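Colleague: I am new to this structure and should be grateful for a close look at a single part of it. Please choose one strand, describe its surroundings, and then place it among the other parts of the model.

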Amino acid sequence: MEGMENFSPTDPMIPRSYRVKRKIRESHDTFTLDLQPDNLEEKTNFAPGQFNMLYTFGVGEVPISISGPMKESGHILHTIRGVGNVTQALNNLKIGQKVGLRGPFGNAWPIEEAKGKDVIIMAGGIGLAPLRPAVYSLFSQRQQYGDIALLYGSRKQEDLLFHKEFETWRGKYGIQVKVTVDTGDRSWKGNVGVVTTLVPRVSFDPSNCIAMICGPEVMMRFSALELTHAGLTEDKIFITMERNMKCAVGFCGHCQFGPAFICKDGPVFRYDQIKPFISTREF
Amino acid sequence: MNKSEVIDKEGLNRLIQILIGRGYEVVGPTVRDEAIIYDQVFSIEDFPAGWTDEQEGGIYRLKKRSDEALFGYNLGPHSWKKFLHPPERKLWQAQKEGLDFDIIPEKPEHKKYAFLGARSCELHAVAIQDKVFMQGTHTDLHYQALRKNALFVAVNCGQAASTCFCVSMQTGPEVENGHDLVLTEVLDDKRHDFLIEAGSEAGKNILKEVKAKPAGEGDIKKTKEIIANTATQMGRKMDTENIKELLYENLNHLNWDKIAERCLSCANCTMVCPTCFCSTVEDVTDITGEHAERWQKWDSCFTMDFSSIHGGVVRNSTKSRYRQWMVHKLASWQDQFDTSGCVGCGRCITWCPVGIDLTQEVGLIRKSEPGQSGILSGNEGQNENS
Amino acid sequence: MKTLESVLIKHPFFENLDKPYLELVTGCAKNVKFEAGQFICQHDDEANQFYIIRHGKVALEICPPGKAPVTVQTVSEGEILGWAWLVPPYRWHLDAHAIELTRAIALDGQCLRKKCEEDKNLGYELLKRLLPAIGRSMEATRLQLLDIYGARD
């Protein structure tokens, strides 16, 4: 796939040395690590949608989607929710401390395929993180795309990621950004309701549109359904799948989803190609 | 066509010594713990002379033969993956340096294995694992190192077990590819020797040193008869027609529930299957916390946490895990690697404690298609697929 | 300035409604305005109106005893607020207040109710339009129930 690098050094199972350059608190349980390679000649190219395996000493590894930055800049951002041993260990890292990194792995959002079309991006919860590089990619060639809309839903207003960037995205890059939360209190003046309810509120041409969705699996299924009601065909909808992952290079077998290895055939999938599997329970 | 030659038991012993002399660790069949397994061998004395195996669903017994055949058995619980893709392997270790750490990779082993006694189905299984570990997006350097140095002295099967079905999987019984040398044991009142042929340059090279006698037409004819006879003895048959579509379209078939009533989720099938390749990684530290290691270990899709995500498990029920194994083995594998994942060796049938037979299960799904689309509770009646 | 009828006729809710019915409905309609913070209705009030929101945003709230009110849904431009006017006991189920300056068309539910009793066809036409909107709202609520972004165990 164009622009995608699958970093394969002598052994894809050996982590490389990266360091925490910055740590940004995004919400009560989510943070972003800005990582820089120790080896300054190492390229930090990646394609939007790809992920890295991050290792903390003695604890283990976890797959984390790359959440930025805009162009190849010698460092890579990872937005992480601290819910398990490894992610909590990542949360406890100090500036300058070392992590092991393997990657980038996986395939990319269909940025090329979307050229000349309208784009709808639907994100749920932390799902905006793997989509942010796609958003940046669209911005870097804004004139190549038609109407762009970002629909973003999260549980509560405190959980909304990157909200400080939304005004810039609306103003400078001319994209429609609509946000909603599952429940709100009086201080919230925005929308309340699930993210699917935002679809009728943005303008796009369903016959010439690509959609990219990322969030909990239930949210992605219903978002895809809502988009088809709005006129998109399933082959124009792209989602990202998540399964247990151990090696990220197609050897351990854990991430299989039907015939696909999520680590190398995914994590981005065209919806029509996996719909029969996604609808089968416990598959 | 490589020329056929003949060696006697002494010649076979010579072959083993030549291989050892050339730095190979020779691995072959031997009797241990009431089974025929693969381990390092040093001469034909280590072979299971006069033993055969009786196999059925859930049954494996050694039985004494009336002759002293060296290869008069079929397959035991081991396969060559035990050596090429070992059950445990250290990937790297890390040493703490203050707040930092250094990673020290394990270098790939350059051991030379000579696998003696490999059957046709097993060679197909090795070729399948080659695809997984060496022909994908990434290469498993450790597997590659061992594989490149490995030598295969194959054996044409002189008999088939009742759990064998290589014929219907088109993986045997005759050895055709993937071997460096191939033997066919010829044993009757008058003779006990082996037809031997090379399958590669390396094999030819070694064969020269063995100093075999040229084979006569009668010898070649005899071995063809033996192989043809083996092919008639298959105890099972897999109907492979459109098997991929059949399984993909029947993910909710009632039969999965029926299998789940018997399956113990013990993972035996995945251990003995020569193509199963799943593994896990384990990060361990020592007591001081200064030293960490990452190990790769065999894993099985039958384990409870194989598919765990977000504190939950995708495949919670035994039914879903059995379905995953079988659909992967017979259907998804084709999309992934352009072959079936099954080589018809029958080990999963033999070593399943409750004797689940995947050839039979495929038949059951096929028989009632179209028709039942499966309702979760086995007690509800069968519905016609509308 | 747009007439009420021209606004209603374009709204998807009234699509394909026979002209006489449309005139009837228009007769029951009027423009209204709510300032930010103003209550449109409160739980258990008589439900005699329903609204088509033209601009602004309305929060539907539930206030658990001793706790701050929780907004469970917002209704914005183009959406319908209120269905209890057609279903006994004709009482609002939730509190609704304007989050920002909101302009809407208010339709006299009480009047329409009477007309529906007289002309069952009109009743069917209105129910036919109301039910899908309620259905979508119910499905969306179910998704909210799942708490899909919830904390992982």
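**A strand of chain C and its surroundings**

Modeller: Strand β3 of chain C has five buried residues out of seven, so it is largely enclosed by the rest of the structure. The model under discussion is a predicted one.

The sheet gives the setting. In chain C, four strands make up an open sheet, ordered β1-β8-β3-β6, with antiparallel pairing. The edges are taken by β1 (29-34) and β6 (80-81) of chain C; each has a single partner strand, so one side of each is left without a neighbour in the sheet. Strands of a sheet pair through backbone hydrogen bonds, either parallel or antiparallel.

On one side, β3 of chain C (residues 49-55) pairs with β8 of chain C (residues 102-108) in the antiparallel sense, over six bridges. Two positions show how these strands are set against each other: C:I53 stands opposite C:A104 in β8(C), and C:Y51 stands opposite C:A106 in β8(C). The pairing of β3(C) with β6(C) is also antiparallel and extends over two bridges. C:Y51 takes part here as well, with C:L81 as its bridge partner in β6(C).

A helix adds to this picture. After the strand pairing just described, helix α3 of chain C (residues 109-118) can be placed: the helix packs on the sheet and touches both β3 and β8 of chain C, and its direction makes about 35° with that of β8(C).

One residue of the neighbouring strand deserves attention. C:I105 belongs to strand β8 of chain C. With 19 other C-beta atoms within 10 Å, C:I105 is partly exposed, because a residue counts as buried at 20 or more such atoms. Leaving aside neighbours within four places in sequence, the contacts of C:I105 are C:L4, C:V7, C:L8, C:A29, C:N31, C:Y51, C:I52 and C:R54. C:Y51, already met as the residue opposite C:A106, is thus one of the contacts of C:I105. The C-alpha atoms of C:I105 and C:K30 are separated by 5.6 Å, although these residues are 75 residues apart along the chain.

Chain B offers a helix that may be read in a similar way. Helix α3 of chain B (residues 120-134) has 15 residues, which at 1.5 Å a residue should span 21 Å; the end C-alpha atoms are 21 Å apart, in agreement. This helix, α3(B), is mostly covered, with 11 of its 15 residues buried. The buried residues of α3(B) include B:S120, B:C121, B:E122 and B:L123 towards the start of the list, and also B:V132 and B:F133. Their cover includes α2 (81-84), β8 (113-118), α4 (141-149), β9 (151-155), α5 (166-169) and α11 of chain B.

The domains of chain B come next. Chain B is divided into domain 1 (5-232) and domain 2 (243-367), and the C-alpha centres of these two domains of chain B lie 25 Å apart. In the contact between them, 37 residues of domain 1 of chain B meet 32 residues of domain 2 of chain B. On the domain 1 side, β5 (59-64), β6, α3 and α5 of chain B each give two or more residues. The largest share of that side, nine residues, comes from β6(B). By class, the side of domain 1 of chain B that touches domain 2 of chain B holds 18 nonpolar, 12 polar and seven charged residues.

Chain B also meets chain A: 39 residues of chain B are in contact with 32 residues of chain A. The elements of chain B that each supply at least two residues to this side are β6 (88-97), β7 (100-105), β13 (279-285), β15 (308-309) and α11 (318-337). The side of chain B that touches chain A consists of 17 nonpolar, 16 polar and six charged residues.

Chain A, finally, is assigned domain 1 (16-105) and domain 2 (118-240). The C-alpha centres of domain 1 and domain 2 of chain A lie 24 Å apart, and each of these domains of chain A gives 13 residues to the contact. On the side of domain 1 of chain A that touches domain 2, β4 (60-68) and β5 (76-81) of chain A each supply at least two residues, and β4(A) gives the largest share, four residues. That side of domain 1 of chain A has three nonpolar, eight polar and two charged residues.

Conventions: Residues are numbered from 1 along each chain as its sequence is written. Chains are lettered from A and ligands numbered from 1 in the order in which they are written. This is a predicted model: local features need pLDDT of at least 70, side-chain atom pairs count only at pLDDT 80 or more; totals for chains, interfaces and linings use all residues. Domain bounds come from an automatic or database domain assignment. Two residues are in contact if their C-beta atoms, placed from the backbone, lie within 7 Å. Ala, Val, Leu, Ile, Met, Phe, Trp, Tyr, Cys and Pro count as nonpolar, Asp, Glu, Lys and Arg as charged, and the others, Gly among them, as polar. Two strands pair if DSSP finds at least two bridges between them. Axes are lines fitted to C-alpha atoms, for helices over the stretch in contact, and angles run from 0 to 180 degrees between N-to-C directions. A residue is buried if 20 or more other C-beta atoms lie within 10 Å of its own, exposed if 12 or fewer, and partly exposed in between; C-beta atoms are placed from the backbone. The expected span of a helix is 1.5 Å times one less than its number of residues.
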